[in-house]
Amino acid sequence: MKGKRAKQKGAETQTVLITGASGFVGENLAHRFAGEAELLLAYGKQKPRARAEKAIAVDLSVRNDFTRAVEDLDVDTVIHTAAMVSPDLCERNSTEAHAVNVEGTREIALWAEERGARMIYFSTDLVFDGEKGEYAEEDAPGPLNLYGRTKLDGEEQVEKNCTRWAIVRLALSYGTTRGARGDWTLSMRRALGAGKTLTLYTDQFRSPAYVGDTAEAIFRLARSRANGIYHMGGRERISRHGFALKFCRLFGLDEQRFVPVLMEDVQMDAPRAADCSLDTQKLTREIGLTPCEVEQGLARQKVEEEALANADGSPARD
Ligand SMILES: NC(=O)c1ccc[n+]([C@@H]2O[C@H](COP(=O)([O-])OP(=O)(O)OC[C@H]3O[C@@H](n4cnc5c(N)ncnc54)[C@H](OP(=O)(O)O)[C@@H]3O)[C@@H](O)[C@H]2O)c1
């Protein structure tokens, strides 16, 4: 086991490395762990906004770049969020998607194991084919697109190579943007702000996860000894279009510019699943977190964004 140094910190203080720390989820995780852990951040091209002991650039598409960059680090927990996340981009660049999402995850899993660290890996609801909906952890996966396939292969790398691990299958996410990369509510607002009309599926269902809940769930999982797969979604199953209407009403946007469409009406590079909603009862049972419904999550997002805007003197994001 490499790199275990004598630590000058309290017994309860963990050293936590977050990969993808410049991403939407990564920045929110860093925000939750701030002041509660020694924080190390790994990012790709954009430096994270969050403060940390160290921020390190890594390229997971290049073999051993991660291992070389973090060679001297000693950590208790690695939270691996970095990924190529666009299903269409994965479909068009399958070699890179495999390198980042599968080989990159394998490299991190081996590195974590060598240090005796616990690994928490972010997977996706898109490991399912969407035929059934309300998926529980023991349901059989069957991804329809390459993104889902590579994330599932990443899960196998974690299970195979790590002794202490948790896999968190995350649902479509929304919430406060804290860094350079936003969620899809930010994309919607930008598109509406630019005067565009948006087409949204009425027949694609998910259980959208409020990122503040996700950050809290990971914070608790990092402290627990629980090994296994966990589904992290919101408490509500809803279509993309249904979500967007709630978003518009709460944020005072013009819902007339949303055009309801069926998935079959839109040409996409990557096939999309119809109903990848998640059953999150295991998470509630084991770590005591009950995820919120969409309106509650959006209300929390609104309060957080207003507080952020007041703190940095800029107007709330639009
Ligand atoms: N957001 C969702 O709705 C959602 C839903 C289900 C599952 N997930 C999973 O949750 C995790 C986080 O997603 P997210 O929404 O936070 O994604 P995101 O905002 O797009 O961020 C992706 C992160 O990965 C990093 N990254 C990408 N390619 C890299 C490479 N070659 N080397 C090193 N770092 C690289 C990016 O770094 P730079 O920006 O610095 O280049 C960024 O920090 C992912 O594993 C995703 O599969 C997300």
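Let me begin with a convention: angles under 35 degrees count as roughly parallel, over 145 as roughly antiparallel, 65 to 115 as roughly perpendicular, and the rest as oblique. Axes here are lines fitted to C-alpha atoms, for helices over the stretch in contact, and angles run from 0 to 180 degrees between N-to-C directions.

What you see above is a predicted model, in which local features need pLDDT of at least 70 and side-chain atom pairs count only at pLDDT 80 or more, while totals for chains, interfaces and linings use all residues. Residues are numbered from 1 along each chain as its sequence is written.

To start with the whole chain, its secondary structure comes to ten helices and 13 strands, where helices (H or I, at least four residues) and strands (E, at least two) are DSSP runs numbered from the N terminus. The radius of gyration is 19 Å, close to the 20 Å that the globule rule gives for 318 residues, so the chain is as compact as a globular protein of that length; the radius is taken over C-alpha atoms, and the rule is 2.2 Å times the number of residues to the power 0.38.

Now to the helix α1, which packs against helix α7 (residues 211-223) at an angle of about 60 degrees, with the axes 9 Å apart, and the two are therefore oblique to each other. The crossing of α1 and α7 is right-handed, a crossing being right-handed if the near helix is turned clockwise from the far one by less than a right angle, and left-handed if anticlockwise. Among the residues that meet are F24, V25 and N28 in α1 and V211, T214 and A215 in α7, with contact meaning that C-beta atoms, placed from the backbone, lie within 7 Å. That contact divides into eight nonpolar, three polar and two charged residues, where Ala, Val, Leu, Ile, Met, Phe, Trp, Tyr, Cys and Pro count as nonpolar, Asp, Glu, Lys and Arg as charged, and the others, Gly among them, as polar.

The helix α1 also leads us to the ligand, since it gives the most to the surrounding shell, with three residues. In that shell there are 27 residues, the closest being G20, G23, V25, G44 and A83, and a residue is near if its C-beta atom, placed from the backbone, lies within 6 Å. By class, the shell has 13 nonpolar, ten polar and four charged residues.

Finally, helix α8 (residues 240-251) and helix α10 (residues 294-312) pack at about 40 degrees, with their axes 10 Å apart.

Technical notes
Contact = placed C-beta atoms within 7 Å.
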